[in-house]
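Here is a short report on selected local features of one protein chain. Keep the structure open while reading.

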Amino acid sequence: MNNFALEIWDDESEKVTFYTVRNHNAKENETDKFIDKFINDDKNKESLQEIITLLLEEIGDKYGAKHYFFKRHEKNVTALPPSNVRLEEITIYFYDNPLRLYCLRLNDELVILFNGDLKTAQTAQDGKTSMTFYEANSYAHIIDEARNDKTITIKGRNIVSFDNEVYNIEL
């Protein structure tokens with residue numbers, strides 16, 4: 001688990017840079033694995049699209065990574081989507097979305113996305129989300145340690161290594 005890289009998943013949003021993780025020798029990053037699980041799944045395709053829209057449009061372009069999007073805490077990470085979000089004069093409800101995408105919000109401009117799955121049990125530790133829940137929390141722990149010992153730091157909307165490398169930071 002210690003052998004992974006942080007890489008930019010999306011940096012074209014107006015307000016947020018989204019990172020993801022890629023395990024050593026993996027062909028796909030963790031967030032793309034999540035998308036690939038559900039993109040052709042007729043039952044959950046709409047739920048996936050709802051999460052992508054939330055990420056790229058509402059969080060990425062419109063509001064930023066504000067704390068009210070990240071209130072479904074699952075140990076050291078957050079699961080998206082939240083059950084509901086109050087935005088200005090409207091409230092958006094996500095009660096029926098059965099998918100969970102795990103992430104780590106670093107600030108209003110930086111989010112690290114992990115993998116996720118279909119929520120099939122009362123808790124994240126059980127059911128289909130179990131493995132991705134534990135993996136996301138392991139990644140978050142390693143990332144937090146790297147921030148604490150200054151192996152990685154935040155510069156603007158980027159995560160940089162001690163030698164100011166921005167892309168594919170090995171941890």
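Is Leu-110 buried or exposed? Leu-110 is buried, because its relative accessibility is 0%, under the 20% cut-off. The model is predicted, and the values below are computed from it.

## Leu-110 and its surroundings

Leu-110 lies in strand 8, which covers residues 110-118. Beyond its neighbours within four places in sequence, Leu-110 contacts Val-16, Thr-17 and Tyr-19. Leu-104 and Arg-105 are also among its contacts. So are Ile-154, Gly-156, Arg-157, Asn-158 and Ile-159.

One of these contacts, Ile-154, sits 44 residues from Leu-110 in sequence. In space, their C-alpha atoms are 8.8 Å apart.

## The hairpin of strands 9 and 10

Strand 9 (residues 152-155) pairs with strand 10 (residues 158-161). The pairing is antiparallel and runs over four bridges. In one of them, Ile-152 is matched with Ser-161 of strand 10.

Two residues separate the strands in this hairpin. There, Gly-156 has a positive phi near 60°. Gly-156 is also one of the residues that touch Leu-110.

## Asn-29 before helix 1

Asn-29 belongs to the loop between strand 2 (17-23) and helix 1. Is Asn-29 buried or exposed? Asn-29 is buried, because its relative accessible area is 3%, under the 20% cut-off.

The Asn-29 side chain reaches the backbone nitrogen of Thr-31 at 3.0 Å. Setting aside residues up to four places away in sequence, Asn-29 touches Glu-7, Trp-9, Thr-20, Val-21 and Arg-22.

## Helix 1 against helix 2

Two packed helices are described by the angle between their axes and the distance between the axes. Helix 1 (residues 30-38) packs on helix 2 (residues 45-63) at about 145°. Their axes are 8 Å apart.

Which residues of helix 1 meet helix 2? They are Phe-34, Ile-35 and Phe-38. Helix 2 contributes Lys-45, Leu-48, Ile-51 and Ile-52. By class, this contact has six nonpolar residues, one charged and no polar.

## Along helix 2

The buried residues of helix 2 include Leu-48, Ile-51 and Ile-52, which also meet helix 1. Also buried are Ser-47, Leu-54, Leu-55, Glu-58, Ile-59, Gly-60 and Tyr-63.

Helix 2 has a kink of about 30°, centred on Leu-54. Just after helix 2, Gly-64 adopts a positive phi of about 85°.

Note on methods
Residues numbered from 1 in each chain as written. Predicted model: local features only at pLDDT ≥ 70, side-chain atom pairs only at ≥ 80, totals over all residues. Heavy atoms only, no water. Axes fitted to C-alpha atoms, helices over the stretch in contact; angles between N-to-C directions. Contact = heavy atoms within 4.5 Å. Nonpolar A, V, L, I, M, F, W, Y, C, P; charged D, E, K, R; others polar. Bend = angle between axes of the 7 residues up to and from the residue. Buried < 20%, exposed > 50% of the residue type's maximum accessible area, 1.4 Å probe, protein only. Polar contact = N/O pair within 3.5 Å; in protein donor to acceptor, adjacent residues only side chain to side chain. Pairing = 2+ DSSP bridges.
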